[in-house]
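Let's take a friendly walk through a protein model together. Have the sequence and the 3D view ready, and turn the view as you read.

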Amino acid sequence: MKKLASLVLAMIMVFSVAGTAACAENAPVEIEFFTNRSFEGAAGTDLEKDNFVEQYLRENLGVDIRYVYTDELTTNLNLRLFSGDVPDVFNVENRNYLKQYADEGYLLNLDEHADKLADAFAFTEGNASAGKIDGATYAIPGRPYGFREAYWYNVNAFKKAGVTEMPTTLTGLVDAVREAMKADVDGNGVNDSIGLTGSGWETLCEIFGAYGVTMPNVLSLDADGHVVDTMLTRNFYDALVYANGLWNEGFIDHEIFSLTPSQAVDKCMTRSAILAELQWPSIKKVAAWEAFLAVDPEAEWEIVGPVTGPDGGTNYVGNYASNAFTSLTCINADLEGAKLEAALKFINFMGTEDGLTLTTYGIKGQHWDYDANGVAAIYPDQVKNVNFSWIYQLCGRDELQYCLVKFGQEANKYIEYSFYQPYITDVTALIDIPEWYNVTDAKTYISEECAKFLTGERELNETEWAKFLSVLDSTYQYTRFIQEGDAAWQAMVG
């Protein structure tokens, strides 16, 4: 009997071990996702600890995501790499670091696993070059957000000034704003209205765009697809002269280089400004507009739209990185086996229809459903439970559809209008910086000197402008930088 009991016990132990092994084989594989994409308002809540996206991945893909947030991505990633503690899946801040990490062997060559990333590759085909180094793919580049920049005007100020028809030229717009500035729309009896406000150089986007040029420190493409800096053209100089005149007359807010976008909105709320450069979320997201109306219940602000410049044809609203990236997602080169399979599944899923739907709207029936017109609509009381899902959009998203569904009917016409405005293509973030080029110092010099020319701190004339360009070449070898940047661009896009 003892012998039989021992045999039975041994068999139970064998089956127990086998059962445990079987369960282990079916258990989700944990993948660390190291990122600077923050849960913001949901940080520290149950949504961050265990949310519907991660639950779906565990249950349907067998992938268990361990989300790790850092607000100092490059610093902390460098520490991790240096110590040999490389995350499984991680974001990289820009292409310069992407190249460095690829050269140092930290990044998996994703082309070698193209069959497992077919959906991710297909969805990001339009900006795939952003993730390539020397022809090989080391990152999935998230699709860029839509064009959001625009000039907005105070409708009530225009009405009070008797401006009934929206100008279509830059000079016409400026003249209309001048009239509105005299109308005392804030009712304080003082002639203190600001013509144009905003935050930073972007404040002047449509003025420069009407001349066919970009802001300082922006690289773009010419008609033949070559990298250029429009700052080196006569049109830029002419645009700067025009802007300098507006600055001197007090038309442009003298605080633009110290204001944040929200502070610029504050000036609009209090009727201090007639015209403002804003992105639509700053003014027309539900919470933003409700805050606006709380200060000025009669507020009415609309988009100006493109205006033509002195050549009668140019009407760019600004510059936009249409083929850049919102994120660069990489995989640890040393991953193998189940870990590697899980990482590939995780990234590829975000380029599938199911993945895009999940991270855009949530779970059908729980967070959203189709309305009577067959259009996806998030339940109003579930918006707050879906707001964080963008952090998992590793391939980006169908931007226009995403915004139209997520930000409500009131914002939709502004979202769509902004999206289709004419812009100059900005390729700055895609140009690999040569090791010899001091990009930080050069950018600082350009920004500071152009600001001095704008504000009159440095006299703006052709002689002084020529001296500025000469220093750019003698000190920073700027022309050489543009030439090498173009060569790198041509190699990247094939």
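We will go from the sheets to the helices beside them, and then to the cores and the aromatic rings.

This is a predicted model, in which local features need pLDDT of at least 70 and side-chain atom pairs count only at pLDDT 80 or more, while totals for chains, interfaces and linings use all residues. Residues are numbered from 1 along each chain as its sequence is written, and side-chain values use heavy atoms, leaving out hydrogens and water.

Let's begin with a sheet. The labels for helices (H or I, at least four residues) and strands (E, at least two) refer to DSSP runs, numbered from the N terminus. Two strands count as paired if DSSP finds at least two bridges between them. As background, strands of a sheet pair through backbone hydrogen bonds, either parallel or antiparallel. One open sheet here has four strands in the order E8-E11-E7-E12, and its pairing is mixed. E8 and E12 stand at the edges with a single partner strand each, so one side of each has no neighbour in the sheet. On average, neighbouring strands of this sheet are turned by 25° against each other, direction ignored. Such angles come from axes, which are lines fitted to C-alpha atoms, for helices over the stretch in contact; angles run from 0 to 180 degrees between N-to-C directions.

How is this sheet held in register, pair by pair? E8 and E11 run parallel and are joined by three bridges, with Ile-194 having Ala-273 in E11 as its bridge partner. Strand E7 (residues 149-154) runs antiparallel to E11, with five bridges between them, and Tyr-153 stands opposite Leu-275 in E11. E7 is also joined to E12 by three bridges, again antiparallel; there, Asn-154 stands opposite Trp-301 in E12.Now look at E11 itself. Buried means under 20% relative accessible area, exposed over 50%, and partly exposed in between (1.4 Å probe, protein chains only). Six of the seven residues of E11 are buried, so the rest of the structure largely encloses this strand.

Which strands does helix H8 (residues 170-181) lie across? H8 lies across E7, E8 and E11, and runs at about 130° to E11. Helix H11 packs on the sheet too, touching E8, E11 and E12, and its direction makes about 150° with that of E11. In H11 (residues 261-269), the buried residues are Ala-264, Val-265, Lys-267, Cys-268 and Met-269. Here contact means heavy atoms within 4.5 Å. The buried residues of H11 pack against strand E8 (194-197), strand E11 (273-279), helix H12 (280-284), helix H13 (286-295) and strand E12 (301-303). After H11 comes Arg-271, whose phi is positive, near 60°.

There is another open sheet to find, made of five strands in the order E2-E1-E3-E14-E6, with mixed pairing. Its edges are strand E2 (63-69) and strand E6 (140-141), each with a single partner strand, so one side of each is left without a neighbour in the sheet. Inside this sheet, strand E3 (residues 89-91) and strand E14 (residues 328-331) run antiparallel and share three bridges. Val-89 stands opposite Ile-331 in E14. Helix H14 (residues 337-349) lies across strand E1 (29-35), E2, E3, E6 and E14, running at about 55° to E1.

Next come the cores. In soluble globular proteins, nonpolar side chains tend to be buried together. A nonpolar core is a set of buried Ala, Val, Leu, Ile, Met, Phe, Trp, Tyr and Cys residues joined through side-chain atoms within 4.5 Å. The largest one in this model has 83 residues, and those with the most contacts inside it are Leu-204, Phe-208 and Trp-465. Leaving aside residues up to four places away in sequence, Trp-465 touches Met-231, Phe-236, Tyr-237, Leu-240, Cys-450, Phe-453 and Leu-460. Apart from the largest core lies another, of 41 residues, with Val-53, Leu-358, Tyr-361 and Ile-378 among them.

Finally, let's follow the rings. Rings of Phe, Tyr and Trp (its six-membered ring) pair if their centres lie within 6.5 Å; planes under 30 degrees apart count as stacked, over 60 as edge-to-face and the rest as tilted. How many aromatic pairs does a search of the whole structure find? The search finds 32. One of them joins Tyr-153 and Phe-158, a tilted pair with 4.7 Å centre to centre and 45° between the planes. Tyr-153 and Phe-158 are both buried. For Trp-201 and Phe-208, the ring centres are 6.4 Å apart and the planes stand at 90°, so this pair is edge-to-face. Trp-201 is buried, with a relative accessible area of 9%, and Phe-208 counts as buried at 0%. Ring pairs also link Trp-201 and Phe-208 into a cluster with Phe-236, Tyr-237, Phe-257, Tyr-445, Phe-453, Trp-465, Phe-468 and Tyr-476.
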